[in-house]
Amino acid sequence: MKVIILAAGKGTRLGNYTNDIPKALVDVNGTSIIERQLKQFQKNGITDISIIVGYKKEKFSLKNVNFIYNDNFENNDLLASLIYAEKEICGEILILYADLLFEGKILEQIIKSTYDISIAIDLDWKKKHDDKRNNQFPPLAEIEDNKVVRISEKKSLIRKKPSGEFFGIMKLSSHGSCIFMEILEQAKSHQGHFHDSNSFSMAKIPDMIQEIIENGYDIKPIFVNGKWLEVDTIMDLEKAKIMFQ
């Protein structure tokens, strides 16, 4: 199994913490966020790891990983950044955000998925969500018949179907990787708004998930339980230091 970690961004909401280092290298109780991820992968025997870097790329000094440089990180977002690693999108693979902290059992649940395309979903998102947090709404996936039928960060677009929060980890089988690349190639020429985003270049992973759904492919939810946290703000960082002591 391969891993691609999206780590090109600065993380402006962390203020001074990312003035000199990328968000993925921010320290949480003595260990950086991305090093914590790597330790979880190592425990599960996963060693084929690519990290897409951009902002302050020279600060990364991790060993036994493949670095891929996004030289346009200031003008694109997660999906366009992922394109820099498209040659790695083959076989069984995990794609995830670099600012995620998660305990071992979260990863174990995700690895067990046998579906072609599946995403980690937390059904208890309401307990974690704070309406005042960044004035943003989390990406919610509507679930029906054990399939994700819609995903959006726009609160007004979410209907009353059962939903859970997608928090940034996707698993592809070998066939799923082929599907993903097929849809991605088609989407590259897209003009104008791309689902929730103003353009393809500024699109996020949930936009790609929605594009796959609209092309008629199944996205399966992986319902996980356990501790996880996306470190996006200074408040998140303080929570992380308590949750992951």
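**Entry 1: a buried aspartate**

I count a residue as buried when its relative accessible area is under 20%. With that cut-off in hand I opened this predicted model and went to Asp99. Asp99 has 6% relative accessibility, so I noted the residue as buried. I found Asp99 in the loop that runs between strand 6 (93-97) and strand 7 (100-102). What does Asp99 touch, leaving out residues up to four places away in sequence? My list reads Lys23, Ile33, Gln37, Leu229, Glu230, Val231 and Asp232.

**Entry 2: the nonpolar cores**

Next I looked up the nonpolar cores. The largest one has 69 residues, and the members that touch the most others are Ile5, Phe41 and Phe180. Helix 5 (residues 174-187) gives this core its largest share, six residues. I also wrote down a second core, separate from that one, with 10 residues, among them Leu14, Ile33, Leu101 and Leu237. Ile33 was already in my notes as a contact of Asp99. As general background, nonpolar side chains in soluble globular proteins tend to be buried together.

I then followed Phe41 further. Setting aside residues up to four places away in sequence, Phe41 is in contact with Val3, Ile5, Ile46, Ile49, Leu94, Leu96, Phe102 and Leu107. Two of these names come back below: Phe102 in the ring pairs and Leu107 in helix 3.

**Entry 3: one side of helix 3**

Helix 3 spans residues 104-111, and its buried residues are Gly104, Ile106, Leu107 and Ile110. Why do they lie on the same side of helix 3? They cover an arc of only 160° around the axis, and that places them on the same side.

**Entry 4: aromatic pairs**

I searched the whole structure for aromatic pairs and got six. I kept notes on two of them.

The first is Phe41 with Phe102. Their ring centres are 6.4 Å apart and their planes stand at 55°, so I logged the pair as tilted. Phe41 sits in helix 1 (residues 33-43) and Phe102 in strand 7, so this pair ties together parts 61 residues apart in sequence. Buried or exposed? Phe41 and Phe102 are both buried.

The second is Phe167 with Trp228. Here the centres are 4.2 Å apart and the planes are at 10°, so the pair counts as stacked. Phe167 belongs to strand 11 (residues 163-172) and Trp228 to strand 13 (residues 228-230), so this pair too ties together parts that are 61 residues apart in sequence. Phe167 is buried at a relative accessible area of 1%, and Trp228 is buried at 6%.

**Entry 5: lysines over rings**

I also checked for charges over rings. Lys57 lies over the face of Tyr69, with 4.9 Å to the ring centre. Lys227 lies over the face of Phe244, with 5.3 Å to the ring centre.

**Entry 6: cysteines**

How many disulfides does the structure hold? I found zero. Cys90 is in no disulfide, and its nearest cysteine sulfur is that of Cys178, 8.4 Å away. I asked why the sulfur of Cys178 makes no bond with Cys90. The 8.4 Å between them is too far for a bond; my cut-off for a disulfide is sulfur atoms within 2.5 Å. On accessibility, Cys90 is partly exposed at 35%, whereas Cys178 is exposed with a relative accessible area of 52%.

Terms used
Residues numbered from 1 in each chain as written. Predicted model: local features only at pLDDT ≥ 70, side-chain atom pairs only at ≥ 80, totals over all residues. Heavy atoms only, no water. Buried < 20%, exposed > 50% of the residue type's maximum accessible area, 1.4 Å probe, protein only. Helix = DSSP H or I, 4+ residues; strand = E, 2+ residues; numbered from the N terminus. Arc of directions from axis to C-beta. Contact = heavy atoms within 4.5 Å. Core = buried A, V, L, I, M, F, W, Y, C linked by side-chain atoms within 4.5 Å. Phe/Tyr/Trp six-rings, centres within 6.5 Å; stacked < 30°, edge-to-face > 60°. Lys NZ or Arg CZ within 6 Å of the ring centre and 35° of its normal.
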